[in-house]
Amino acid sequence: MDTTGGGPPRPDENAPPGAVDGMVVIGATTLARRVCAALRESGRPVRHLAAPDDQELRHALAARPAGVAVLVGDDLSALRYALAVRHVRDSVEIVATVFDRTVAQQLRSLLHHCVAVSPADLLAPTLAGLCLDAGTLAVRQDGDGAVAVRRLDGAFVERAWRPSGTARRRALLGRLREQLQPHDADARLLLIGLLGIAAVLALDWLWLVTAFHEPAGTAFLEAARVVAGVGPAAAHPGHPGYEVVSGIAMLVTVGFTALLTAGIVDRLLGPRLVGVLGPRVLPRTGHVLVVGLGQVGLRLCQTLRQLGVPVVGVEREPAAPNLRLARSMGIPVVLAHGEDREVLARLGLERARALVAVGSHELDNIAVAVAAHAVAPEVRVVLRAGEDEAIAETRSLLPLGLTRDITRTSAAYVTAHLTGQATGAAPRRVIADSDCDYVDLPGRGLVRWPVPAGDGCGHVAGAAESGAGSGVSVHAVDRDAAQRGDADRDVVRTG
């Protein structure tokens, strides 16, 4: 596979006058700034609008750009802008970042020449590969199974991946051992009450069958009456001890019933994110802890489950919107703070395969990584970065673990789409490495695709830092207009 060179192709200097190769970028996000910087570095004219209204959008599209990137932080806003762009320009290529799969599906069905890109889906295979093996760059699902991408002698090699026989046996035995091992208080109450009542019923039935030679059905009826608190079904002359034990059993069962009722009520009223039996039990060994159950965390948990790797989600917000989805997918989730060392120890970090900190705030991810190293220094730690400009240099985080920049990876994929649509070389996927990203291009394989820092965008970066919240407007230079000698300028609102 081709791993040298790469990057956005530069426009043809011999192109005839009026050839269209400009781009429009919509959004004030870090991703929008990095895409703008990458396109400008490739020599393409870029018109960057932070939050345009309909009139500004029409004016920007009047130059008939080759592509439009809608890189806003809200899915519904992305849908609205994509619809507006398609209304003005019927044939322009659109690339929009959308996290929700329902919105992405609607975009693809409603608009032709529109690519819905989910940064979470782009990065999940890379994060999953790092969890499985430090030498694996990514693991993706193919039609015939999972495929692992590794680097061998400077080249990329793709091979079928499946867990080893030892790992599969450990996972099976682990799932069996994990049954009936409650993690939270309400599950413990429910289990104690249920097992206590079952023990009283079984012991009373066994006594009646073995000591009094009662038929099994009659013995069960009498034992059930004891558990229900209405006493033995019949007296047993000559055996006063049975009546005494039955009375004690009835009193004890009252306590077990109270515990069972409290556990059931808590389970019914609570979120029920961790199961006592079934697929949502808490794994204790060979699992991956995913801290932060946003879009990236949820996609990663889903990918790992598809690969047969036990996973536990950790989320600190009880009202997080993805908790319901995680429950429907059978993913066990613990409501706790991932930077709490006691929580990590209780979740079996020392016996885990890896810990992944993928919260939306990079500083929180750093705190989780520090706590993880304190609890289990040998466990592999993977961090998500890319939004916080203070730690944009991800190599500085190397002592904390393996770091991947979701913004840089998404920018590489988006720019590859924008620059490759005209030549039919749109990327199929992207793989993130520590210092660069590689896009999979038809006929070329994985190609190195460097992306500059967000500060390279001269349109919105200064506004995002100094103008936000102050009503300051920034004038972005439209290169096409400058070449025509037009005095018009695009106003980028940042309020």
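**Note on the sheet of strands 15 to 17 and on the cysteines**

1. Strands 15, 16 and 17 form an open sheet of 3 strands, in the order 15-16-17, and their pairing is antiparallel. The model is predicted. At the edges stand strand 15 (430–432) and strand 17 (445–448); each has a single partner strand, so one side of each is left without a neighbour in the sheet. On average, and with direction ignored, neighbouring strands of this sheet are turned by 30° against each other.

2. The pairing of strand 15 with strand 16 can be followed by residue. Strand 16 covers residues 437–441, runs antiparallel to strand 15 and is joined to strand 15 by 3 bridges. Val 430 has Val 439, in strand 16, as its bridge partner.

3. A helix also belongs in this picture. Helix 14, made up of residues 406–420, lies across strand 15 and strand 16. The angle at which helix 14 runs to strand 16 is about 30°.

4. How many disulfides does the count come to? The count is 0. A disulfide is a covalent bond between the sulfur atoms of two cysteines. Cys 301 is in no disulfide: the nearest cysteine sulfur belongs to Cys 131 and is 9.4 Å away, whereas the cut-off for a disulfide is 2.5 Å between sulfur atoms.

5. Is Cys 301 buried or exposed? Cys 301 counts as buried, because its relative accessibility is 0% and the limit for buried is under 20%. Cys 36 is buried too, with a relative accessible area of 0%.

Conventions: Residues numbered from 1 in each chain as written. Predicted model: local features only at pLDDT ≥ 70, side-chain atom pairs only at ≥ 80, totals over all residues. Heavy atoms only, no water. Pairing = 2+ DSSP bridges. Helix = DSSP H or I, 4+ residues; strand = E, 2+ residues; numbered from the N terminus. Axes fitted to C-alpha atoms, helices over the stretch in contact; angles between N-to-C directions. Contact = heavy atoms within 4.5 Å. Buried < 20%, exposed > 50% of the residue type's maximum accessible area, 1.4 Å probe, protein only.
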